[in-house]
Amino acid sequence: MLNCNSEYPFPVLRPDTVDYKNSVFKAEITVKHDKEGYVFSSDIDASNDEIRELVERGEAQVGIYIQCNSTWLRKIQPVNLGENKFLLSTAEVHNRVEFCPVITANQKIDDFKSQDFIEEFNGIKFSLQPGDPLAIGETKYFDAKYKDDIIRKGDPIISVTTTPDITDMCFNFENSTIIVYVP
């Protein structure tokens, strides 16, 4: 999972001024359960001009990284700066679902620089690869219920019954369930 507290070898825009003097990455994301799934509502803003230009030119993409370990879902849902809504199906997630707003490079970006870098990075140009984060927000989570929860809806495959006239346990494999006869 992406983490806004991780250190990167290049400046990353965050909710607080860490690698930039004044620029911040603000994202408000809410998730509400709906009969069709989980509705994500977001309002995302990057106050750095250079990153906004990269997004406008299509060299960087705003998205919400979604991860669910129990279903192995890992994806970045593309969104735009500003307000967005999208639906995540209940069939895709189960139990804990973590999500984090990000801006990532869409392509190789040579000579990335900003007038707002902190002194440590000031005057340095960075080469970014596709998928490198330019901005990371705070990670949040919610607990999801799976649409087709097999464990709750599943029928048992073993049936146990008693038979007074037998002395040893025996099995019947002829039916759709395994029948275990006990004395």
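These questions and answers go through charged pairs, aromatic rings and one helix in a predicted model. Residues are numbered from 1 along each chain as its sequence is written, and side-chain values use heavy atoms, with hydrogens and water left out. Because the model is predicted, local features need pLDDT of at least 70 and side-chain atom pairs count only at pLDDT 80 or more, while totals for chains, interfaces and linings use all residues.

Q: How many salt bridges does the structure hold?
A: Side chains of opposite charge can pair when their charged atoms come close. A salt bridge is counted when a side-chain nitrogen of Lys or Arg lies within 4 Å of a carboxyl oxygen of Asp or Glu. By that rule the number of salt bridges in the structure is seven.

Q: How many residues apart are glutamate 92 and lysine 75?
A: These two residues form a salt bridge, with their closest N and O atoms 3.5 Å apart. Helices (H or I, at least four residues) and strands (E, at least two) are DSSP runs, numbered from the N terminus. Glutamate 92 is in the loop between strand E5 (82-89) and strand E6 (95-105), and lysine 75 is in strand E4 (residues 73-79); the pair links distant parts of the chain, 17 residues apart.

Q: Which residue does the side chain of arginine 96 meet in a salt bridge?
A: Arginine 96 lies in strand E6 and its partner in strand E10 (residues 140-144), so the pair ties together parts that are 47 residues apart in sequence. The N to O distance is 3.9 Å, and the partner is aspartate 143.

Q: Is aspartate 143 buried or exposed?
A: Buried means under 20% relative accessible area, exposed over 50%, and partly exposed in between (1.4 Å probe, protein chains only). The relative accessibility of aspartate 143 is 54%, so the residue counts as exposed.

Q: The charged end of arginine 96 sits over the ring of which residue?
A: A charge sits over a ring if NZ of Lys or CZ of Arg is within 6 Å of the ring centre and within 35 degrees of the ring normal. For arginine 96 the distance to the ring centre is 3.5 Å, and the ring belongs to tyrosine 141.

Q: What kind of aromatic pair do phenylalanine 40 and phenylalanine 142 form?
A: Rings of Phe, Tyr and Trp (its six-membered ring) pair if their centres lie within 6.5 Å; planes under 30 degrees apart count as stacked, over 60 as edge-to-face and the rest as tilted. The structure holds 12 aromatic pairs. In this one, the centres are 6.0 Å apart and the planes meet at 70°, which is edge-to-face.

Q: Why are Ile51, Leu54 and Val55 on the same side of H1?
A: These three residues are buried in helix H1 (residues 49-56). The arc is taken from the directions from the helix axis to the C-beta atoms. The three lie on the same side because they cover an arc of only 100°.

Q: Which residue caps the N-terminal end of H1?
A: A polar contact is a pair of N or O atoms within 3.5 Å; within protein, one must be able to donate a hydrogen and the other to accept it, and residues adjacent in sequence count only if both atoms are side-chain atoms. Here a side-chain oxygen lies 3.1 Å from the backbone nitrogen of glutamate 50, and the capping residue is asparagine 48.
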